[in-house]
Amino acid sequence: MSIVNAKEMLLRATDEKYAVGAFNITNLIQMEAVVEAAVNKKAPLIIQTSVTPSKFLGAKVLACIYRTLAESAPIPICLHLDHCSDVEFCKECADAGYTNIMIDASKEIFKENIRQTKHVCGYCHGIGNISVEGELGTVSGVEDQVKVAEDEAALCDPEQALKFVDETGVDIFAPAIGTAHGVYKTKNPKLDFDRLKRISELINGDEPKVPLVIHGGTGLQPDVVKRLVFLGGSKFNVSTDLKYALIDTTYDYISSHRDEYNPGKVDAAIKATIMNRIYYWIDMLGCAGKA
Ligand SMILES: [Zn+2]
């Protein structure tokens, strides 16, 4: 039950109207912190890595650490490749042991997005227990190598979303509804709740079929997060928040212990901060006790 793909856990989340936290990590300490916090909260978990850290650390190394941690954890855990626009690297990570792959061809024209997404679905489903996330419309901001200006970001058309899901066979789906990567420039970003509601009704109205993903979780107010979850977002991506936690804690710790040379203490401080952030998100998303 520990090593699972994203679709299995998200169908239940969609049905019961809670969301699973999908947390981006860049190193071992973060991965351990995320897993330990989710275990303490008895929450299902999605660990994510972007393309750059996946290549830097190595997909096989990450998949091995994930398997080791997941096998002894009493909760379902998925390892997800985030925003990959390179079909071949999607396949490499699937081969390495990731259990969910995001092919992000959202910058391509509709037809090409369908073609690439369908291709990755065929490959991952052929291997076995691997689900695939696709995206339609574009999320503004910077996520790893993908940069989208705010005025270039296009929201997802509901009718096209239904067509995209039907034709690609994608397992989980990220519609662009106005959320952004990075830090929001305003306290109240313009989100299109009605659009999410419409997409959710069209795709999952009768029964949960293709769970929906909300990108750009960092900085959204708790009432906004809860509303997005209520309207059908069942995978909630959080990345920037954890990067800030990592960098700020490292800086603060070293600044106040400048004569100390004990890496383990720096790691312990980072782990504690990250775990607190994960508790915050899990409580807000309503997935505590759902493992
Ligand atoms: Zn994203």
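This text explains a zinc site, a residue in a nearby loop of the sequence, and a pocket in a predicted model.

The zinc ion offers a starting point. Its protein donors are H83, through NE2, H181, through NE2, and H215, through ND1, and these lie 2.0 to 2.1 Å from the ion. Along the sequence, the donor residues follow the spacing H-x97-H-x33-H. H83 belongs to strand β3 (residues 77–84), while H215 is in the loop between β9 and α9, so this pair ties together parts of the chain that are 132 residues apart in sequence. Both H83 and H215 are buried.

The loop between β9 (212–214) and α9 (222–230) also holds T218. With a relative accessible area of 11%, T218 counts as buried because this value falls under 20%. Apart from its neighbours within four places in sequence, T218 is in contact with G182, Y184, N237, V238, S239, T240, D241 and W281. In the case of T240, the side chain of T218 reaches the backbone nitrogen at 3.4 Å. T218 and L242 are 24 residues apart along the chain, and their C-alpha atoms are separated by 8.8 Å.

Attention now turns to the second largest pocket. This pocket holds about 270 Å³ of space. Its lining consists of 18 residues, of which T14, K17, S200, N204 and G232 are the closest to the centre. Helices α1 (6–16), α8 (193–204) and α9 each give two or more residues to the lining, and the largest share, four residues, comes from α8. By class, the lining comprises six nonpolar, six polar and six charged residues.

Technical notes
Residues are numbered from 1 along each chain as its sequence is written. This is a predicted model: local features need pLDDT of at least 70, side-chain atom pairs count only at pLDDT 80 or more; totals for chains, interfaces and linings use all residues. Side-chain values use heavy atoms; hydrogens and water are left out. Buried means under 20% relative accessible area, exposed over 50%, partly exposed in between (1.4 Å probe, protein chains only). Contact means heavy atoms within 4.5 Å. A polar contact is a pair of N or O atoms within 3.5 Å; within protein, one must be able to donate a hydrogen and the other to accept it, and residues adjacent in sequence count only if both atoms are side-chain atoms. Donors are N, O and S atoms within 2.8 Å of the metal (3.2 Å for Na, K and Ca); water is not among the atoms, so sites may look incomplete. On a 1 Å grid over the protein atoms alone, a cavity is a set of points where a 1.4 Å probe fits but cannot get out, and a pocket is an open set with protein on both sides within 12 Å along at least five of seven lines; lining residues have an atom within 4 Å of a point. Grid points are joined across faces, edges and corners, and a volume is the space filled by probe spheres set on the points. Ala, Val, Leu, Ile, Met, Phe, Trp, Tyr, Cys and Pro count as nonpolar, Asp, Glu, Lys and Arg as charged, and the others, Gly among them, as polar.
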